[in-house]
Each structure stands twice: as structure tokens, then as C-alpha cells.
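Welcome! Please take a moment to look over the sequence and the model, and then read on for a short guided tour.

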Amino acid sequence: MTRKDILTPIEVLHRDELTSAQSALVDKAIDATRRSYAPYSRFHVGAAIMLDNGVTVTGSNQENAAFPSGTCAERSACFYAGAQYPEARFQSIAVAARDASGELVTQPIPPCGACRQSLLEYEKLAGHDVDLLLVGRNEIYHLPSVHSLLPLAFTSF
Ligand code: THU
């Protein structure tokens, strides 16, 4: 028997430790939470993706009365980026969320499993690691890549 342990490295940062580019991306993710359509959960998520063509695209969760027909912020952002800028490659991603009180969530919200898998596709396409910033009110998680959030991922057949 051999054993493999998988580690996810996370830097826990405070807002004043971000570079100006990171800080701008975080602001865009927070701003995108205001365009979320979440009448059912009242949980407003925003995602911002910086592309290598200089464009930053944003997305937010879009809910639906038929629950599974809605989608998460991360997928609305990455599919929009893929649909609008098929040649561009992802550089970094920020995700923020506000709860029903309208406040930023205290702890950073990690992307759901389906979003991890979707984002991973674009990291693969980029051919390099894509930085992730998960935004909470008190701290920001900085992860070096999407794949570090989804070990043992399915990526080819
Ligand atoms: N949600 C996201 O937008 N991203 C995630 O990674 C997790 C959850 C949304 C889906 C739904 O509209 C609401 O948050 C509550 O689950």
C-alpha cells in the first residue's frame, strides 16, 4: 500500500495585502454581486475573470423558479468569457458573495463542485495556472490554481 496526501495551499490575505491588480479584480467581483438575480436563496454571488486580452468579464448567479435551470456566478462568468472571447485565456478569477443582509459574507465562499470543474476547463485551455481570489469580509483566500481546488479532477477521456 502506498499513500497519497493532497494539499490545497491557501494564502489567507487581508485586503491591504493585495496588489492593485488583485484589488481591482476583487472590486469587480463585489460589484458583480449587485447584478445577481437571487430571489430564492437571497445569496448574491459575483465572479470576475481577468483575461489575457486585457478585458475583465464578470458574472453573477442567475436563479430560476425551476431551481436547476439557474446557474452560479462562476459559470455565468466563465461561459460568457468563452462565448465572447474564445481566443482569450484566463489569468485570474475573483469570487465574492453577499448574504441576505446585503453584507459581504464573513468567510470566503469556495466555488461549488460544478463550477470548479467548469473553471478547470479554462485553466487547461490557458495552459498555465489561473490565480483564484475568494473574497470574504474579513479575509481573502488566495489559491495558486483552479486545479488545487479540484484534485483528482476528470480532465480527459
Ligand atoms: N452559488 C454561486 O453562484 N456560486 C457558487 O459557487 C455556489 C453557489 C449560488 C447558486 C445559488 O444561486 C446560490 O448561490 C445559493 O446556492
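## Around the ligand

Let's start with the ligand. The residues around the ligand are S41, F43, V45, N61, E63, C72, A73, E74, P110, P111 and C112. Sorted by class, this shell consists of 7 nonpolar, 2 polar and 2 charged residues. Please keep in mind as you explore that this is a predicted model.

Which side chains have polar atoms placed by the ligand's own oxygen and nitrogen atoms? For N61, a polar side-chain atom is found 2.9 Å from an oxygen atom of the ligand. E63 also has a polar side-chain atom by a ligand oxygen, here at 2.5 Å. With E74 the ligand takes part through a nitrogen atom, which is 2.8 Å from an N or O atom in the E74 side chain. On its own, the ligand has 370 Å² of accessible area, and the protein covers 76% of that.

## Salt bridges

Next, have a look at the charged side chains. Side chains of opposite charge can pair when their charged atoms come close. How many salt bridges does the structure hold? There are 4 of them.

One salt bridge joins the side chains of D5 and R3, with 3.0 Å from N to O. Are these two partners buried or exposed? D5 has a relative accessible area of 58% and is exposed, because the cut-off for that class is over 50%. R3 is exposed as well, at 68% relative accessibility.

## A link from loop to helix

Another salt bridge is formed by the side chains of R15 and D27, at 2.8 Å from N to O. R15 sits in the loop between β1 (11-13) and α1, while D27 belongs to helix α1, so this pair ties together parts that are 12 residues apart in sequence. R15 is partly exposed, with 36% relative accessibility. D27 is partly exposed too, and its relative accessible area is 41%.

## A small network

The side chains of D31 and R34 also meet in a salt bridge, with an N to O distance of 3.7 Å. Which residues are joined into one network by salt bridges that share partners? They are D31, R34 and R35. Within this network, D31 is partly exposed, at a relative accessible area of 35%. R34, at 53% relative accessibility, counts as exposed.

## A nonpolar patch on the surface

Not everything on the surface is charged or polar, as this patch shows. Y37, Y40 and F67 make a nonpolar surface patch of about 370 Å².

Where along the chain would you look for Y40? It is in the loop between α1 (20-33) and β2 (44-51). Y40 has a relative accessibility of 43%, so it counts as partly exposed.

## A buried strand residue

For a contrast with the surface, turn to V135, which lies in strand β5 (residues 131-135). Is V135 buried or exposed? V135 counts as buried because its relative accessibility is 2%, and buried means under 20%.

V135 also shows how the chain brings distant positions together in space. V135 and P108 are 27 residues apart along the chain, yet their C-alpha atoms are separated by 4.8 Å.

Notes:
Residues are numbered from 1 along each chain as its sequence is written. This is a predicted model: local features need pLDDT of at least 70, side-chain atom pairs count only at pLDDT 80 or more; totals for chains, interfaces and linings use all residues. Side-chain values use heavy atoms; hydrogens and water are left out. Patches are made of residues with over 30% relative accessible area and no salt bridge: like charges are joined within 9 Å, nonpolar side chains (Val, Leu, Ile, Met, Phe, Trp, Tyr) within 5 Å. Accessible areas come from the Shrake-Rupley method with a 1.4 Å probe; for residues, only the protein chains shown count as cover. Helices (H or I, at least four residues) and strands (E, at least two) are DSSP runs, numbered from the N terminus. Buried means under 20% relative accessible area, exposed over 50%, partly exposed in between (1.4 Å probe, protein chains only). A residue is near a molecule or strand if one of its heavy atoms lies within 4 Å of it. A polar contact is a pair of N or O atoms within 3.5 Å; within protein, one must be able to donate a hydrogen and the other to accept it, and residues adjacent in sequence count only if both atoms are side-chain atoms. Ala, Val, Leu, Ile, Met, Phe, Trp, Tyr, Cys and Pro count as nonpolar, Asp, Glu, Lys and Arg as charged, and the others, Gly among them, as polar.
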